[in-house]
Amino acid sequence: MENIDWKNLGFGYKDTDYNIRCYYRNGKWGELEVCSEKHISVHMAATGLHYGQEAFEGLKAFKGKDGKIRIFRLDENAKRLQSSCKGILMPELSVELFTEAVLKAVKLNEKFVPPYESGASLYIRPLLFGTGAQIGVHPADEYLFVVMVMPVGPYFKGGFKANSYAITRKYDRAAPLGTGTYKIGGNYAASLRANKEAHDLGYTSEFYLDAKEKKYIDECGAANFFGIKGNSFITPKSSSVLPSITNKSLQQLAIELGMTVEARNVPVEELTTFEEAGACGTAAVISPIKSIVDVDNDITYFISEEPGKICTRLYEKLRAIQYGDEPDLYGWVTVVE
Ligand SMILES: *Cc1c(COP(=O)(O)O)cnc(C)c1O
């Protein structure tokens, strides 16, 4: 589209031409519907509104030098949505139907996929929620699945840059036996105050410790944490961390670089020993960490002013696979035909 300034896109909602919808009624998912209406008419007693029966996904499509559009790890997002649905008693969508809906949404909005040179991408946001009217606390009997897409800018405008995070002890994002492993709106609602307070203090984001003991690292706002020490890629193993597909991919690339991957409890004091650290997720791939500040105890865990060598290498490698500049050795990419 001639009137989109690809170079100056941020990360925000933008209208595109079509969205894909699918309704669950009478115990089964229906046909995919192509829709150009942005609004949804929902019953005021829908469980998605009252009781948080809502899950979402986030993935991206990239245009390569060769003009082809590639979607990154589509099947993993489909499986994670299934896991979120199981977690809050919503009907699962098959990997096939999820894939078909995403491909359809991308193809129909092809003109919104940013050109290769811009470093931008098409963000894909699938959403699934309870539409059935209910006032008693039970799962709904009707659901809606929607896939919307929008062009988003590169996360790092002025180049790959390191950020600071503030440890929060006042709020928990998720409990050890709660819903932290599911990608659901409720976890985000629980994080809004912590996020705002961290922002107000001048930090990029809040940093969560485990809810029970406040001893181990959980997540970096809405991103996973990893640290680099010697030849090891270290990431928290916790029952309240969302299983990031970016993290999983970085672990594979770290192994390819001859590194060891350690998924285990990471005590907060261990932060002093990392040579590099990063927050990872679909939005930024890696957001390198400059410092993590324990605001309550006045301790600064400084990592490094500049993005480290290994973080940079992993970031470039993953981006190269996403844009088709490097071979897709692991079958991570779906080319839109
Ligand atoms: C989506 C999300 C992530 C990142 O997952 P990716 O699959 O890498 O995008 C990390 N933490 C939370 C809480 C999330 O919701």
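**Exercise 1. A nonpolar patch**

Task: Find which residues make the nonpolar surface patch of about 230 Å², and place Tyr18 in the chain.

Solution.
Step 1. The patch is made by Tyr18, Val34 and Leu108. This model is predicted.
Step 2. Tyr18 sits in the segment before β1, the strand that spans 19-25.
Step 3. Check its exposure. Tyr18 has 33% relative accessibility, so it counts as partly exposed. A patch residue needs over 30%. Tyr18 passes with its 33%.

**Exercise 2. Two domains and their contact**

Task: Describe how domain 1 and domain 2 meet, using distance, residue counts and buried area.

Solution.
Step 1. Set the bounds. The domain assignment gives domain 1 as 6-152 and domain 2 as 163-323.
Step 2. Count the contact residues. Domain 1 supplies 26 and domain 2 supplies 18.
Step 3. Take the centres over C-alpha atoms. They are 26 Å apart.
Step 4. Size the interface. The accessible area lost when parts come together is often used for this. Here the two domains bury about 1900 Å² between them. Carbon and sulfur atoms carry 62% of that area.
Step 5. Find the main contributors in domain 1. Phe56, Phe72 and Arg80 lose the most area to domain 2. Together they make up 31% of what the domain 1 side buries.
Step 6. Count the charged links. There is one salt bridge between domain 1 and domain 2.

**Exercise 3. A salt-bridge network**

Task: Which residues are linked with Glu76 in a network of salt bridges?

Solution.
Step 1. Start from a pair. The side chains of Glu76 and Lys248 form a salt bridge, with N to O at 3.0 Å.
Step 2. Extend it. The network links Arg73, Glu76, Lys79 and Lys248.
Step 3. Set it in context. The structure holds 20 salt bridges in total.

**Exercise 4. Three further pairs**

Task: For the pairs Glu57 with Arg80, Glu270 with Lys229 and Lys86 with Glu92, give the N and O distance and the burial of each partner.

Solution.
Step 1. Take Glu57 and Arg80. Their closest N and O atoms are 2.7 Å apart. Glu57 lies in the loop between β4 (54-56) and β5 (59-63), and Arg80 lies in helix α2 (residues 74-87), so the pair ties together parts 23 residues apart in sequence.
Step 2. Apply the burial cut-off, under 20% relative accessible area. Glu57 is buried at 0%. Arg80 is buried at 10%.
Step 3. Take Glu270 and Lys229. The N to O distance is 2.8 Å. Glu270 is in the loop between β14 (260-264) and β15 (276-281), and Lys229 is in strand β12 (residues 223-229). The pair links distant parts of the chain, 41 residues apart.
Step 4. Classify both. Glu270 is buried, at 10%. Lys229 is partly exposed, at 27%.
Step 5. Take Lys86 and Glu92. Their closest N and O atoms are 4.0 Å apart. Lys86 is exposed, with 56% relative accessible area. Glu92 is partly exposed, with 33%.

**Exercise 5. Arg319 and its surroundings**

Task: Where is Arg319 found, and which residues does Arg319 touch, not counting those up to four places away in sequence?

Solution.
Step 1. Arg319 belongs to helix α7 (residues 309-322). Its relative accessible area is 22%, so it is partly exposed.
Step 2. With those sequence neighbours left out, Arg319 touches Gly119 and Val285.
Step 3. Compare sequence and space. Arg319 and Phe62 are 257 residues apart along the chain, and their C-alpha atoms are separated by 9.6 Å.
Step 4. Now take another pair. His39 and Ser164 are 125 residues apart in sequence and 37 Å apart, C-alpha to C-alpha. His39 lies in the loop between β3 (33-35) and α1 (47-50). At 61% relative accessible area, His39 is exposed.

**Exercise 6. Positive phi**

Task: Examine phi for Val285 and Asp298, then ask whether each is buried or exposed.

Solution.
Step 1. Recall the background. Most residues other than glycine have a negative phi.
Step 2. Val285 has a positive phi of about 65 degrees, though it is not a glycine. It is found in strand β16 (residues 285-294). Its relative accessibility is 4%, so Val285 counts as buried.
Step 3. Asp298 also has a positive phi, near 55 degrees. Asp298 lies in the loop between β16 and β17 (299-302). Its relative accessible area is 71%, so Asp298 is exposed.

Technical notes
Residues are numbered from 1 along each chain as its sequence is written. This is a predicted model: local features need pLDDT of at least 70, side-chain atom pairs count only at pLDDT 80 or more; totals for chains, interfaces and linings use all residues. Side-chain values use heavy atoms; hydrogens and water are left out. Patches are made of residues with over 30% relative accessible area and no salt bridge: like charges are joined within 9 Å, nonpolar side chains (Val, Leu, Ile, Met, Phe, Trp, Tyr) within 5 Å. Accessible areas come from the Shrake-Rupley method with a 1.4 Å probe; for residues, only the protein chains shown count as cover. Helices (H or I, at least four residues) and strands (E, at least two) are DSSP runs, numbered from the N terminus. Buried means under 20% relative accessible area, exposed over 50%, partly exposed in between (1.4 Å probe, protein chains only). Contact means heavy atoms within 4.5 Å. Domain bounds come from an automatic or database domain assignment. Buried area is the accessible area (1.4 Å probe) that two parts lose on being put together, summed over both.
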